Amino acid sequence: MDIDYQQLSRVVSVATGKGGVLKTSIAANVAGVSARAGFRTLLVELDPQSDLGDDLGYFGDHDNGEQLTRAILTGDPLQPTKVGVRENLDVVTGGEYLSDTAAALAARAQRRGGVAHMLAKPLAPLAATYDLVIIDTPPVAETLQLLALGAARWLVIPTRFDASSIKAMRSIAARVEEARSPEHRLDILAVVLAGVSASATKVREGAETNIKSMLEGMDEDLLLPQMIRESAATARACRDRGMLAYEIAEEVEGAQPYWEALRSGQPIKRLPGSAPALSDDYIKLTDQLIRRLAAHEEQQEATA
């Protein structure tokens, strides 16, 4: 395999073992916030359902995953299918073509094995031209998940606080070993607690305890301090309008001073008091993920 995994060092897969944990919303909003802060960002939609278009406002105006499917099967380099979805934000769109790809790769895996690298090869040259690449994955298609993990340097796992979500989190964490190889290093960057009521303090504390118990044997600090609250009305308004949470906040607040702080790595000293709470959650989450990513990179450079 002729793959330069160093080109994939800033690829982050957002994946879990079940639906309904805000996975796609987290991928879209973190990508949007990072792009707004000045990071050149690529979103790869490895999902046959293709819901990212609803979050980003292109509502089905894409190739349904045809180019992505062809690149996976042939190894030909990828190109963005939606350029300039936002300033600094491009997308490789998914869609129904990926359903056939998953079936073909599952059959190949049974015959010959070794499909985990098949997204890494076409993605690597493109990923090297971006500051951050985020892969949105389907919740249950194991073959497509394995492709994402095989191309990603880092894994972010969103989870709700209920028992089945936490169990699914453990399941996807276990797949990290399956996707690793002597050439490919993959680590969990963070676990994100999502869909939590802002007022449910005891519920959140109990969820933290359960998650840390499920992470036994791993770094308990994987659970990020920032949570994503349950805000169905705001989330629905965002999707109905094809806008991200921070964009709705900016309609009210205007230009915000925290973008430069996020871009430069400085502490975010102020978030606007009247901005929607969900926007604040995603901005803080993005800040924590970027800081954690930078800290790992500094540590690796120091020990190299």
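A residue is called buried when its relative accessible area is under 20%, exposed when that area is over 50%, and partly exposed in between, as computed with a 1.4 Å probe on protein chains only. This is a predicted model, in which local features need pLDDT of at least 70 and side-chain atom pairs count only at pLDDT 80 or more, while totals for chains, interfaces and linings use all residues. Residues are numbered from 1 along each chain as its sequence is written, and side-chain values use heavy atoms, with hydrogens and water left out.

The protein has 304 residues, and buried residues make up 54% of them. Its secondary structure comes to 12 helices and 8 strands, where helices (H or I, at least four residues) and strands (E, at least two) are DSSP runs numbered from the N terminus. If contact is taken to mean heavy atoms within 4.5 Å, then among contacts between residues at least 6 apart in sequence, 79% join residues at least 24 apart.

A good place to begin is helix α7. This helix covers residues 163-179, and its 17 residues should span 24 Å at 1.5 Å a residue, which agrees with the 25 Å between its end C-alpha atoms; the expected span is 1.5 Å times one less than the number of residues. Within α7, the residues S165, I166, A168, M169, I172, A173, R175, V176 and A179 are buried. Looking down the axis of α7, one finds these buried residues within an arc of 165°, so they line one face of the helix; the arc is that of the directions from the helix axis to the C-beta atoms. On the face turned away from this buried side, α7 carries the exposed residues A163, K167, A174 and E177.

One partner of α7 is helix α6, which runs over residues 142-151 and packs against α7 at an angle of about 65°, with the two axes 10 Å apart. Here axes are lines fitted to C-alpha atoms, for helices over the stretch in contact, and angles run from 0 to 180 degrees between N-to-C directions. The crossing of α6 and α7 is right-handed, a word used if the near helix is turned clockwise from the far one by less than a right angle, whereas an anticlockwise turn makes a crossing left-handed. At this crossing, E142, Q145, L146, L149 and G150 in α6 meet I172, R175, E178 and A179 in α7. Helix α6 is mostly covered, since 9 of its 10 residues are buried, including L144, L147 and A148.

Strand β6 also reaches α7, through T159, which is found in that strand. T159 is buried, with a relative accessible area of 1%, and, leaving aside neighbours within four places in sequence, T159 is in contact with S165, I166 and M169, and with V21, V191, V192, L193, A194 and I211.

We can now turn to charged side chains. Side chains of opposite charge can pair when their charged atoms come close. A salt bridge is counted when a side-chain nitrogen of Lys or Arg lies within 4 Å of a carboxyl oxygen of Asp or Glu, and the structure holds 14 of them. R160 forms one with E230, the closest N and O atoms being 2.8 Å apart. Because R160 lies in the loop between β6 and α7, and E230 in the loop between β8 and α9, this pair ties together parts that are 70 residues apart in sequence. R160 counts as buried at 18% relative accessibility, whereas E230, at 38%, counts as partly exposed.

A second pair joins R229 and D281, with the closest N and O atoms 2.7 Å apart. The two belong to distant parts of the chain, R229 to strand β8 and D281 to helix α12 (residues 277-303), 52 residues apart. R229 is partly exposed at 28% relative accessibility, while D281 is buried at 3%.

Helix α10 supplies another such pair, for the side chains of E247 and R86 meet in a salt bridge of 2.5 Å, N to O. E247 lies in α10 and R86 in strand β3 (residues 82-86), 161 residues apart, and both are buried. Y246 also has its place in α10, residues 245-253, and is buried with a relative accessible area of 5%. The C-alpha atoms of Y246 and S279 are separated by 4.8 Å, although these residues are 33 apart along the chain.

Finally, some salt bridges are joined into a network, which links R153, E177, R180, R185 and D187.
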